[in-house]
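The following note is offered to a colleague who wishes to read this model at the level of strands and single residues. Please keep the structure open while going through the points.

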Amino acid sequence: GCITTGQVSIINQYYNMYSFTATITCYNGLPMAQYLPTQESGLMYVDTTVTPNKLVGAGTLTNLEADSNDTEVFTAIRQ
């Protein structure tokens, strides 16, 4: 299972754009195969042109122990 903690902030109350930071920690039950914790930060918005609405965003993932960076683009639908 994974645990994600973080914060979402409104950039400007008149626009549908948000900034976020998150820390993601995953553990699959095996100490030798544990995933390294990562931090993510980026931007997202709510696409209200579709039903159900989608959360669309992009961010940079930083592996906290390996000091490597990746870029991620995501969408999420509330179900």
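The points below go from the overall composition to the strand pairings, then to selected residues and the largest pocket.

1. Basis and composition. The coordinates are those of a predicted model. The protein chain contains five strands and zero helices, and the order of its elements from the N terminus is β-β-β-β-β.

2. Burial and surface. Of the 79 residues in the protein chain, 19% are buried. The exposed area of the protein chain is about 6000 Å², and 55% of that area is supplied by carbon and sulfur atoms. Among the contacts in the chain with a separation of 6 or more, 28% are between residues 24 or more positions apart.

3. Pairing of β1 with β2. Strand β1 covers residues 2-10 and strand β2 covers residues 18-26. The two are paired in the antiparallel sense, with nine bridges. One of the bridge partners can be located readily by number: cysteine 2 is matched with cysteine 26 in β2.

4. Pairing of β2 with β3. Strand β3 spans residues 38-47 and runs antiparallel to β2, to which it is joined by seven bridges. Within this pairing, leucine 43 in β3 is the residue opposite serine 19.

5. Pairing of β3 with β4. Strand β4 takes in residues 54-63, and ten bridges link it to β3, again in an antiparallel arrangement. Leucine 55 in β4 lies opposite valine 46. The two strands, β3 and β4, make a hairpin in which six residues stand between them.

6. The cis peptide bond. Which form does the peptide bond from threonine 51 to proline 52 take, cis or trans? This bond is cis, and its omega is near 0°. Proline 52 belongs to the loop between β3 and β4. As a general rule, most peptide bonds are trans. A reader checking the backbone may therefore wish to inspect this bond in the display, given that most peptide bonds are trans.

7. Lysine 54. This residue is in strand β4. Its relative accessibility is 30%, and lysine 54 therefore counts as partly exposed, because that class lies between the buried limit of under 20% and the exposed limit of over 50%. Lysine 54 and alanine 76 are 22 residues apart along the chain, yet their C-alpha atoms are separated by 5.5 Å.

8. Glycine 42. Strand β3 also holds glycine 42. Which residues does glycine 42 touch, leaving aside those up to four places away in sequence? They are Tyr18, Ser19, Phe20, Ala58 and Gly59. Valine 8 is 34 residues from glycine 42 in sequence, and the C-alpha to C-alpha distance between the two is 9.8 Å.

9. The largest pocket: size and centre. The space in the largest pocket amounts to about 160 Å³. Its lining consists of 13 residues, of which Thr4, Phe20, Ala22, Glu40 and Phe74 are the closest to the centre.

10. The largest pocket: origin and chemistry of the lining. Which strand gives the largest share of this lining? Strand β1 does, with five residues. At least two lining residues come from each of β1, β2, β3 and β5 (68-77). Sorted by class, the lining comprises six nonpolar, five polar and two charged residues.

How values were computed. Residues numbered from 1 in each chain as written. Predicted model: local features only at pLDDT ≥ 70, side-chain atom pairs only at ≥ 80, totals over all residues. Heavy atoms only, no water. Pairing = 2+ DSSP bridges. Helix = DSSP H or I, 4+ residues; strand = E, 2+ residues; numbered from the N terminus. Contact = heavy atoms within 4.5 Å. 1 Å grid on protein atoms, 1.4 Å probe; cavity = no way out; pocket = protein on both sides within 12 Å on 5 of 7 lines; lining within 4 Å. Points joined across faces, edges and corners; volume = space filled by probe spheres on them. Nonpolar A, V, L, I, M, F, W, Y, C, P; charged D, E, K, R; others polar. Buried < 20%, exposed > 50% of the residue type's maximum accessible area, 1.4 Å probe, protein only. Areas by Shrake-Rupley, 256 points an atom, 1.4 Å probe, with all protein chains shown as cover.
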